[in-house]
Amino acid sequence: MNKLLKIGLLIFVSLTGAFAQKNVRLVNKMETDFNNYAYQNVINTGEYLLDIDKGIDSEIEKDVLKKLAYAHYFTKNYVRAEQYFREALNKKSDLNQDSELLLRYAQVLSANGKHAESSDAWRAYSQLAENNQVAQDFALIQDDPEPLIRNVGSYSIDYLPFNSSYAEFSPVNFKDGLVFVSGRPVFNGVKRIFQWNDSPFLDLYFLDDRNKIFQDNGSGLSGGDLSEKRFKQLGSDSYTPQTANDGPTLSYKATTGFMEKPKLDARRIDRTLNSIYHEGPCVFFNDDESIVFTRNGVGSLSYENPDGVNRVHLYMADKVGDKWVNLRAFPYNSGDYSTGHPAFVALENIMFFVSDMPGGYGGTDIYYSKYLDGLWGKPVNAGESINTSGNEMFPFIDENNQLYFASDGHPGLGGLDLFTVSLAMNGKPEGMVHNLGTPLNSKWDDFGILANDDFSSGYFSSNRKHGDSDDDIYSFTRTGSKFGCRNVILTASEAGNGKVMPGLTFKYYVIGEPENSFEGILDVNGEANLCLEAEKEFYFEFDNKRVEQKKIYFSTHNLSDIRASKLSVELKLSEFPQEEKPKQVVPQVMARTTDTRFENYYAGQITGKDNLPVSGVRVRFINKCTGETIEVQTKSDGKYAFVRDKECDYEFIAMKAGFATNYEFIAREPEKKVIAKVRSILPKKESSAASASSTSFFDPDIFRVGDVVKMDKIYYNADEFALSGEAAGNLDQLASVLNKYPDMVIEVISHTDSRGSAKDNLLISQKRADEVKKYIVSKGVNANRVKAIGKGESSPVNNCGDGVQCTDAEYRRNRRTEFRILQIERI
């Protein structure tokens with residue numbers, strides 16, 4: 001057994017005292033089982049001891065209660081865990097000073113829906129932990145979970161037909177299918193049982209075709225939300241607890257006896273990968289020809305440790321034909337700690353993984369190691385913005401370098417919650433960690449996510465169906481905002497004296513979308529409580545009858561998920577009261593042109609209504625990353641130029657008396673994160689794809705990176721995604737161009753018309769994009785050079801939106817596939 005998810009809180013108190021001699025053997029056995037993580041044995045022995053001897057010594061009883069509480073906690077029986085935690089805390093007053101006991105007690109109270117009691121326990125723990133801010137945030141969520149549940153309507157969740165009555169979790173893409181971890185037993189005459197909770201060991205399973213998942217499987221669950229009657233929590237639970245498969249040995253508490261047969265079957269990967277012990281989460285690389293996976297060491301690939309624990313570690317293998325060969329260990333495995341749960345930043349050859357190695361922040365942390373010149377670099381802790389004193393695990397990284405992971409140390413709804421943060425190209429986190437909220441998160445364990453690049457669809461793992469350790473895999477489809485909105489308190493005061501301004505009217509809008517504006521009024525305290533869409537930039541404008549004209553920039557990037565942020569504005573009163581204002585002359589309007597010839601400059605010219613240059617214009621350029629402000633004044637040619645960091649947003653303001661002030665938000669233009677050819681970690685066979693000449697319009701001498709090109713005749717019938725012969729002919733031409741330019745990377749973007757539900761349209765568009773990619777790859781093009789994205793009905797090319805009647809020909813124009821050039825030459 002390993003302790004990958006061991007939280008460092010196992011309390012070893014010697015069982016001594018005046019206890020009946022006949023039970024000394026049982027006491028010692030319980031101690032040994034506890035040290036060996038045989039928690040089911042601990043439960044059986046401990047409850048027997050409490051039941052047969054009511055005169056048990058108080059110190060021994062206290063220790064038995066604590067071990068029973070932790071044993072039930074680790075095997076996910078939170079109702080029983082709560083009972084024993086409560087009894088242990090009440091047994092002696094000094095136990096109220098046991099911070100680890102309080103911490104777990106607070107967690108199980110949350111999982112059991114006792115939110116007021118959980119909030120009190122979190123605050124008591126915070127005081128013992130020197131006013132720990134994270135604990136206070138947990139208490140705040142238990143008091144009011146609304147910020148993390150308000151976005152529930154933006155996702156639909158489906159239970160998948162390949163789940164069994166045992167554990168399934170952590171799916172990853174492999175070829176056209178999915179590989180996942182499962183605890184379904186193998187009936188080969190040998191019963192393989194894990195002492196953690198008397199459950200079978202975990203293996204890797206393969207479902208060969210992802211498209212089968214969404215075909216009607218007779219359960220009534222395909223293509224729609226789970227019914228409230230069948231699974232009450234899904235999509236509607238407000239809050240919500242860790243499993244043995246999240247625990248040190250990646251196991252779980254499974255249903256015993258008869259296994260319900262999955263409606264969609266999967267097969268075990270070969271014996272090279274699946275051993276007699278645990279196999280856990282994995283990831284594929286080198287065009288799916290190599291794998292890194294989690295397992296208990298076996299034979300020469302195991303690691304000895306004085307405590308006798310067989311921990312999990314990272315291993316690699318390569319695919320030759322139908323066999324996995326060249327099994328080897330990650331060089332930083334050790335018998336003293338565990339490693340597991342791999343994920344890749346493919347462009348940089350960086351592997352993220354989970355470990356409880358010494359020197360971390362507590363529990364299990366996320367680390368990364370870079371592969372350079374044939375060697376793995378020394379593991380680096382991902383840092384305190386990601387890792388906490390709790391457990392961080394199950395990392396996944398999409399092609400945009402967005403890291404997703406599970407944690408019980410960041411403030412959440414209970415147990416493991418799913419979080420996300422952006423990564424720089426070097427693997428370091430940048431920005432704030434965000435909780436994904438409901439319905440992806442619940443009061444149960446939510447982990448093991450897999451998603452497409454724009455997070456419009458994917459899969460995740462959860463034990464929400466029955467609780468305990470009954471993990472299943474679910475699919476999700478996003479039909480609304482990824483994060484919902486953030487609470488913001490707007491206040492306005494008079495410049496110079498700080499007096500509040502009740503009754504002041506204002507409006508605000510997302511920059512670039514002034515037509516979608518909102519209005520508000522400050523209350524008697526000069527405040528307004530707003531909920532602004534997350535990850536957006538806004539402008540605020542104020543009533544110029546009372547105050548001088550002013551436009552305020554505000555960004556909701558990196559705002560707290562759960563605490564309200566403040567926007568405080570100082571405004572100058574208008575020089576003239578409204579009734580005394582002189583008649584205003586309508587100001588002239590400045591026009592502005594931008595010169596795009598200079599890569600690292602933002603340059604242009606200010607002109608008037610006669611198109612002549614305007615001199616004396618104060619042009620201000622504000623870096624929203626650093627706050628740095630640069631101001632210049634135009635000369636007779638009306639020109640301006642600023643040095644620009646393309647990784648940052650800017651605010652552009654042009655001002656001159658007699659002219660209307662010109663405001664503009666300039667969005668950052670980060671370097672395109674494309675999939676370049678990834679250096680192979682192992683020697684690979686040369687590609688046999690032959691290059692071909694072509695006169696296609698896909699020519700780098702004509703088109704630039706970022707251009708979107710529509711190919712004619714790549715259309716579909718409604719509700720279908722199969723390619724026609726005519727479409728295949730056009731794609732042959734595209735494949736020929738891609739083979740001619742071996743460093744070109746493209747994005748296949750598929751669209752539907754507006755008929756049918758948005759969710760169904762999103763799913764079928766993704767299938768169409770996948771079908772196009774599959775065809776191109778079949779022509780010898782590396783799969784990493786083609787990204788497939790379904791946009792559903794979100795981007796029509798005509799007015800045929802919802803509620804608009806159109807002809808079949810007009811609808812057909814929207815059922816199209818486009819191609820975006822992401823890269824022409826290798827970076």
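**Exercise 1. In what order do the four strands of the open sheet that includes β17 run, and what is the pairing?**

Work it out on the predicted model above.

*Step 1.* Trace the neighbours: the order is β17-β18-β19-β20, and the pairing is antiparallel.

*Step 2.* Look at the ends of that order. β17 (392-397) and β20 (429-435) each have a single partner strand, so one side of each is left without a neighbour in the sheet.

*Step 3.* Check the twist, which averages 25° from one strand to the next.

*Step 4.* Zoom in on the middle. Strand β18 (residues 402-407) pairs with strand β19 (residues 417-423) in the antiparallel sense, over six bridges. To find your place, start at Q402, which stands opposite S422 in β19.

*Step 5.* Now walk out of the sheet into the loop between β20 and β21 (446-451), where P439 sits. The peptide bond from T438 to P439 is cis, with omega near 0°. That's worth a second look, as most peptide bonds are trans.

**Exercise 2. Find the edge strands of the open sheet with the order β26-β25-β28-β29.**

*Step 1.* This sheet has four strands with antiparallel pairing.

*Step 2.* The edges are β26 (517-521) and β29 (551-555); each has a single partner strand, so one side of each lacks a neighbour in the sheet. The twist averages 25° from one strand to the next.

*Step 3.* Follow β29 to its partner: strand β28 (residues 537-542) pairs with β29 over five bridges, in the antiparallel sense. Here E541 stands opposite K551 in β29.

*Step 4.* Step back into the loop between β27 (527-533) and β28, and you meet E535. Phi of E535 is near 60°, a positive value in a residue other than glycine. At 26% relative accessibility, E535 counts as partly exposed.

**Exercise 3. Work out which side of helix α1 (residues 24-35) is buried.**

*Step 1.* Get the dimensions. α1 has twelve residues and reaches 17 Å from its first C-alpha to its last, close to the 16 Å expected at 1.5 Å a residue.

*Step 2.* List the buried residues of α1: L26, V27, M30, E31, D33 and F34. They cover an arc of only 165° around the axis, which puts them on the same side of α1.

*Step 3.* Recall the geometry: an α-helix has 3.6 residues a turn, so residues three or four places apart point the same way.

*Step 4.* Ask what that side packs against. The buried residues of α1 pack against α2 (39-52) and α3 (58-74).

*Step 5.* Just after α1, check Y37, which takes a positive phi of about 60°.

**Exercise 4. Sort the side chains of strand β35 (residues 639-643) by face.**

*Step 1.* Start from the rule: in a regular strand the side chains alternate between the two faces of the sheet.

*Step 2.* Apply it. Y640 and F642 point to one face and are buried, while K639, A641 and V643 point to the other and are not.

*Step 3.* Add the partner: five bridges join strand β32 (residues 601-607) to β35, and the two run antiparallel. A603 has A641 as its bridge partner in β35.

**Exercise 5. Is T294 buried or exposed, and what does its side chain reach?**

*Step 1.* Locate T294 in strand β9 (residues 290-296).

*Step 2.* Its relative accessibility is 0%, so T294 counts as buried; the cut-off for buried is under 20%.

*Step 3.* Follow the side chain of T294 to the backbone oxygen of P281, at 2.8 Å.

Conventions: Residues numbered from 1 in each chain as written. Predicted model: local features only at pLDDT ≥ 70, side-chain atom pairs only at ≥ 80, totals over all residues. Heavy atoms only, no water. Pairing = 2+ DSSP bridges. Axes fitted to C-alpha atoms, helices over the stretch in contact; angles between N-to-C directions. Buried < 20%, exposed > 50% of the residue type's maximum accessible area, 1.4 Å probe, protein only. Polar contact = N/O pair within 3.5 Å; in protein donor to acceptor, adjacent residues only side chain to side chain. Expected span 1.5 Å × (residues − 1). Arc of directions from axis to C-beta. Contact = heavy atoms within 4.5 Å.
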